Amino acid sequence: MAQSSTETDWVSRFADEVIAEAERRAPGKPVVVASGLSPSGPIHLGNLREVMTPHLVADEIRRRGIEVRHLISWDDYDRYRKVPKGIPGVDEETYGQYIGRPLTAVPAPAGSPYGSWAEHFKAAMVDSLAELGVEYDPISQTEQYTTGAYREQVLHAMKHRGDIDAVLDQYRTKQKPGGKKPQQKQVDEAELEAAEGSGAAAEDDGSTGEGGYFPYKPYCGQCGKDFTKVTSYDDETTEMTYVCTEDEFTETVKLSEFNRGKLVWKVDWPMRWALEGVIFEPSGVDHSSPGSSFQVGGQIVHIFGGEQPIGPMYAFVGISGMAKMSSSKGGVPTPADALKIMEPQLLRWLYARRRPNQSFKIAFDQEIQRLYDEWDKLEAKVADGSVLPADAAAHTRAVRTAAAELPRTPRPMPYRTLASVVDVTAGHDEQTLRILSDLEPDKPLTSLDEVRPRLDRAENWITTQVPADQRTLVREEPDTELLSSLDDEGRASLRLLLEGLDSHWSLDGLTTLVYGVPKVMAGLEPDAKPTPELKVAQRTFFALLYRLLVTRETGPRLPTLLLAVGADRVRELLAV
């Protein structure tokens, strides 16, 4: 369902709030918005909302001439939690041994040109963000931690571990008198899994033992994993002792000189808010329950002298005909997958037209044709000035950023038409150009470049998303058995169609012809208004044409199919 045209433009509303908040907190400084992505596996289209929401807001702020930074933290120093399914060359036996290591210390999948697991999965997202026109400042958490960039913050967290523990303790599940646990809002397990890749992976609160509570996790000096527990810490000397439960390795280090570890997530995130001065950052549904990272972080951030960002909780992004997305289950579409079958403008529009708390679906099935039709109607309204304000705003955010307009198809023919043509021609360039030129004989195409990249996207959709049994295969020989079984009326209708081919050889002309034949057969004028009985006759006629041309009773729109097959071959297959 399309966004209501009377709906407030959510991007402008958030931009107003962010600018006002930035003026209150840090007048005169660049506005900071943030996203976090964990390259623990394929970064999917649900995770893209983590980026697109602040991107659209930041871009609106830039349009107003205000300096803004969009930080994307690559949470590549997170632990490797589990082996994702569905990734070629990756299995439990080979990759299970790396669980507990930082993502940057896990080998990339076999055959990858990248040096680590994190870099491999980050690369595809970097390319997609460039294609989508997303401007951002990247931050590698591996680099930040291993170079000691967070040293002061780590020491501060350890010094104030008692205060942090007190905050966390308010949310830890405790047994109430009478054996009842406190009620918490239930969050669907699949939704929690879908949050993977958002930078909000579930982590423990830190280690508590005889030495007290510690919000820091070292990576073991022997096995490189985080199955570690801090057993003691001296605030004055910063001497820290930890033990690894994996290999019973014990080490004593000076935390003021030690860079092989990180703050636990619920402390790490608010630490960054304070250090980076983040004004706006959205959060996923995994933050909606009591004790979630965002809620807890709102209190812990004060320990670091900062304030919690403003920002919405964003809803899920689904896929037409597909279950909720989860990186760990494999096979989930990524932005790169979507950009193979749709232009960047369409993908940007899908995120821009919905408020963050509204869920929506991205089509990889036949629905993509309807989405493109809707987009083309919007473009036409923009061109003739009849578009409503909220729709115009979403369109503007889709086609250009504050910096530049996104490259576009010079002559955007309907996606469903392009898909039908490449389906029938199997992507043969000369045939495709002939057919597309016939669509509008008064202004024929001179080159397929005029309809690219949309044509390439449509071809990719046909070849990668449409099942083989739904592809269009034009008959090699006439169906003589079916032709000989036709009654006089059936034969007459085919002759009427064939007689009109030459004079109707264009998309509009053939549309008039195929709808008009059943009208003439019923004794009506070709432009007569359809009646219920006439619609039945038309459907019967269309089914006959499909069976004679492509062996099935359905297929691409008949006018497009006839153009694609070509007049000579149509005559050969329909001759009676």
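**View 1. Five bridges join strand E8 to strand E9 (residues 250–254), and the two strands run antiparallel.** The model is predicted: local features need pLDDT of at least 70 and side-chain atom pairs count only at pLDDT 80 or more, whereas totals for chains, interfaces and linings use all residues. Residues are numbered from 1 along each chain as its sequence is written, and side-chain values use heavy atoms, with hydrogens and water left out. Helices (H or I, at least four residues) and strands (E, at least two residues) are DSSP runs numbered from the N terminus, and two strands pair if DSSP finds at least two bridges between them. Across from E8, Tyr-242 stands opposite Glu-251 in E9, and Val-243 stands opposite Thr-250 in E9. E8 and E9 form a hairpin with five residues between them. In the turn of this hairpin, Glu-248 has a positive phi of about 60° although it is not a glycine. At 69% relative accessibility, Glu-248 counts as exposed (buried means under 20% relative accessible area, exposed over 50%, and partly exposed in between, with a 1.4 Å probe and protein chains only).

**View 2. Strand E7 (residues 228–233) pairs with strand E8 (residues 239–244) in the antiparallel sense over five bridges.** The bridge partner of Tyr-233 in E8 is Met-240. The hairpin of E7 and E8 has five residues between the strands, and Thr-238 is placed in the loop between E7 and E8. Thr-238, which is not a glycine, has a positive phi of about 60°. Most residues other than glycine have a negative phi, and most peptide bonds are trans. With 9% relative accessibility, Thr-238 counts as buried. Taken with E9, these strands belong to an open sheet of three strands in the order E7-E8-E9, with antiparallel pairing. E7 and E9 are the edge strands, since each pairs on one side only, and neighbouring strands of this sheet are turned by 25° against each other on average, direction ignored.

**View 3. The axes of helix H12 (residues 344–352) and helix H13 (residues 367–384) come within 11 Å and cross at roughly 90°.** This crossing makes H12 roughly perpendicular to H13, on a scale where angles under 35 degrees count as roughly parallel, over 145 as roughly antiparallel, 65 to 115 as roughly perpendicular and the rest as oblique. Axes are lines fitted to C-alpha atoms, for helices over the stretch in contact, and angles run from 0 to 180 degrees between N-to-C directions. The contact (heavy atoms within 4.5 Å) is made by Gln-345, Leu-346, Trp-349 and Leu-350 of H12 together with Leu-371, Tyr-372, Glu-374, Trp-375 and Leu-378 of H13. These contact residues divide into seven nonpolar, one polar and one charged, where Ala, Val, Leu, Ile, Met, Phe, Trp, Tyr, Cys and Pro count as nonpolar, Asp, Glu, Lys and Arg as charged, and the others, Gly among them, as polar.

**View 4. Helix H14 (residues 389–399) is mostly covered, with eight of its eleven residues buried.** The buried residues are Ala-390, Asp-391, Ala-393, Ala-394, His-395, Arg-397, Ala-398 and Val-399. What covers them includes helix H1 (10–25), helix H2 (45–63), H12 and H13. Within H14, His-395 is buried, with a relative accessible area of 6%. Not counting residues up to four places away in sequence, His-395 touches Trp-375, Leu-378, Glu-379 and Val-382.

**View 5. Leu-48, Leu-347 and Ile-362 touch the most other members of the largest nonpolar core, which has 103 residues.** A nonpolar core is a set of buried Ala, Val, Leu, Ile, Met, Phe, Trp, Tyr and Cys residues joined through side-chain atoms within 4.5 Å. Leaving aside its neighbours within four places in sequence, Leu-347 is in contact with Leu-45, Leu-48, Leu-132, Pro-335, Ala-338, Leu-339, Met-342 and Ile-362. Another core, of 38 residues, lies apart from the largest one, with Tyr-77, Leu-168, Val-230 and Val-278 among its residues.

**View 6. The peptide bond from Arg-452 to Pro-453 is cis, with omega near 10°.** Pro-453 lies in the loop between helix H16 (429–439) and helix H17 (454–465).
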